[in-house]
Amino acid sequence: MMKRTVGVIVGMLVFTALALPADRWIHIRVIEAGPDGDRVRVNVPLSLAEAVLPTIRSDRFCDGKVKVEGHAFDQVDLRALLEAVRKTGDNQYVTVESRDENVEVAKAGEFLLIKVHENCKHCTKKDQASKAGNTVDIKIPFKVANALLSGPNDELNVLAAIRALDEYQNLELVTVKDGHDDVRIWVDSNNAAD
Amino acid sequence: MTAGMAILAGALGVVAAGTVVVCNEGAVRVDVREKSRGSNHIHLILPAAVAPAAAFMIPRSKLHDARDKIRPWLPTIKAASVELARCADGPLVEVDSRREHVRIFKLRGSIFIDVDSDEETVHVSFPLEAAADTVSQLAR
């Protein structure tokens, strides 16, 4: 009887632990390839960002929202554009190939993918060597993008985007690789970077 | 037992209880060691329970404009303290360069800040519970 009771209690505790949502953490890792080889790792619980962002007030940042007037996208209805892409099938929607760089914008399931690859064909040989293989990969869930653009045209709702990020288990948001720096921003439930 | 002994026992009990409370709250620790010749070394350990009271006792004239600078950030510090106290232990910020190593991490309800540079080493630790109260007193 005693063993059974203990078993039930342990079972309930395990169930409770599993039922409670694990903290999500946003990680930022920057590794510089220069002679100093600086390395920066930042690990922030999303719940901390959610709690702190509404308390920060500066001229451009207030209530978790940042003013971005004067930028190109306050002239374009990004929300409508995003919604149109979200409703269509998976595809590569934008491909820009230039001398300097290739840009691809695609939809894959619930994610918007942006890839930038530097070519630098007109650069000097020295620059070509340093810029060859420079890539930027951005993966944004449509829910997060919508949340980010949920305010007026001249505003980014960072707080809403962070809240939307909370729904995702593991998510590679941004990867930047160039000759000098390696930047990675991702979300998972580990409290330490790799 | 005489009345004197009873009073002494009571006083010792109060002191012991106070010590337990103070120790349970943890300590604020500041350790700064300069690396140059003839360098200074500052080492300060303050029970966290008395940190807000100590902050309260600092004369306002000595705080200059610190109060005005801290005050707008009080809600942020309070919100951060509450959330950090709730989240798991672990590294928050790590910076490694040729000249400087910085670690900010949370461990057992306290924040630890370690800086090791060419000029000095700095270790600061404080319990999260005391942080918001102490800063509130500085901004009063």
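Here are some worked exercises on a predicted model with chains A and B.

**Exercise 1. Getting a feel for chain B**

Task: Work out how many helices and strands chain B has, and in what order they run.

Solution:
- Step 1. Count the elements: chain B has six helices and six strands.
- Step 2. Now walk from the N terminus, and you'll read α-β-β-α-α-α-α-β-β-β-β-α.

Task: Compare the radius of gyration of chain B with that of a compact globule of 140 residues.

Solution:
- Step 1. Start with the reference: a compact globule of 140 residues would come out near 14 Å.
- Step 2. Chain B has 19 Å instead.
- Step 3. Put a box around the C-alpha atoms of chain B, along the principal axes, and you get roughly 70 × 40 × 40 Å.
- Step 4. Check burial as well: 14% of the 140 residues of chain B count as buried.
- Step 5. Finally, take the contacts in chain B with a separation of 6 or more; residues 24 or more positions apart account for 52% of them.

**Exercise 2. A glycine in a helix**

Task: Find the element that holds G13(B), and decide whether G13(B) is buried or exposed.

Solution:
- Step 1. G13(B) sits in helix α1 of chain B, which covers residues 3–24.
- Step 2. Count the neighbours: 10 other C-beta atoms lie within 10 Å of G13(B).
- Step 3. The cut-off for exposed is 12 or fewer, so G13(B) is exposed.
- Step 4. For a sense of distance, jump 46 residues along the chain to P59(B): its C-alpha atom is 33 Å from that of G13(B).

**Exercise 3. One face of a helix**

Task: Which residues of helix α6 of chain B are buried, and why do they line one face?

Solution:
- Step 1. Helix α6(B) spans residues 128–138, and its buried residues are A130(B), A131(B), T134(B) and V135(B).
- Step 2. Look down the axis of α6(B): the buried residues fall within an arc of 125°, so they line one face of the helix.
- Step 3. Here's the background: an α-helix has 3.6 residues a turn, so residues three or four places apart point the same way.
- Step 4. Ask what sits over that face. The cover for the buried residues of α6(B) includes β1 (27–34), α2 (51–57), α4 (66–70), α5 and β6 (120–127) of chain B.

**Exercise 4. Where the chains meet**

Task: Describe the side of chain B that touches chain A, by element and by class of residue.

Solution:
- Step 1. Get the head count: 19 residues of chain B are in contact with 18 residues of chain A.
- Step 2. Place them: α5 (74–86) and β3 (90–96) of chain B each supply at least two residues of that side.
- Step 3. Sort this side of chain B by class, and you have 12 nonpolar, three polar and four charged residues.
- Step 4. Look for strand pairing across the chains. Strand β2 of chain A, residues 39–45, pairs with β3(B) in the antiparallel sense over four bridges.
- Step 5. For a landmark, V40(A) stands opposite V95(B).

**Exercise 5. Hairpins and a small sheet in chain A**

Task: Trace the pairing of β5, β6 and β7 of chain A.

Solution:
- Step 1. β5(A) (residues 91–97) and β6(A) (residues 101–108) pair in the antiparallel sense over six bridges. They form a hairpin with three residues between them.
- Step 2. In this pairing, T95(A) has E104(A) as its bridge partner.
- Step 3. β6(A) also pairs with β7(A) (residues 111–118), antiparallel over eight bridges; here N102(A) stands opposite H117(A).
- Step 4. This second hairpin has two residues between its strands, and G109(A) in the turn has a positive phi of about 65°.

Task: In the open sheet β3-β4-β9 of chain A, which strands stand at the edges?

Solution:
- Step 1. The order of the three strands is β3-β4-β9, with antiparallel pairing.
- Step 2. β3(A) (61–62) and β9(A) (155–157) each have a single partner strand, so one side of each is left without a neighbour in the sheet. Those are your edges.
- Step 3. Helix α6 of chain A (residues 158–165) packs on the sheet and touches β4 and β9 of chain A. Its direction makes about 30° with that of β9(A).

Terms used
Residues numbered from 1 in each chain as written. Chains lettered and ligands numbered in written order. Predicted model: local features only at pLDDT ≥ 70, side-chain atom pairs only at ≥ 80, totals over all residues. Contact = placed C-beta atoms within 7 Å. Nonpolar A, V, L, I, M, F, W, Y, C, P; charged D, E, K, R; others polar. Pairing = 2+ DSSP bridges. Buried ≥ 20, exposed ≤ 12 C-beta atoms within 10 Å, placed from the backbone. Arc of directions from axis to C-beta. Rg over C-alpha atoms; globule rule 2.2 N^0.38 Å. Axes fitted to C-alpha atoms, helices over the stretch in contact; angles between N-to-C directions.
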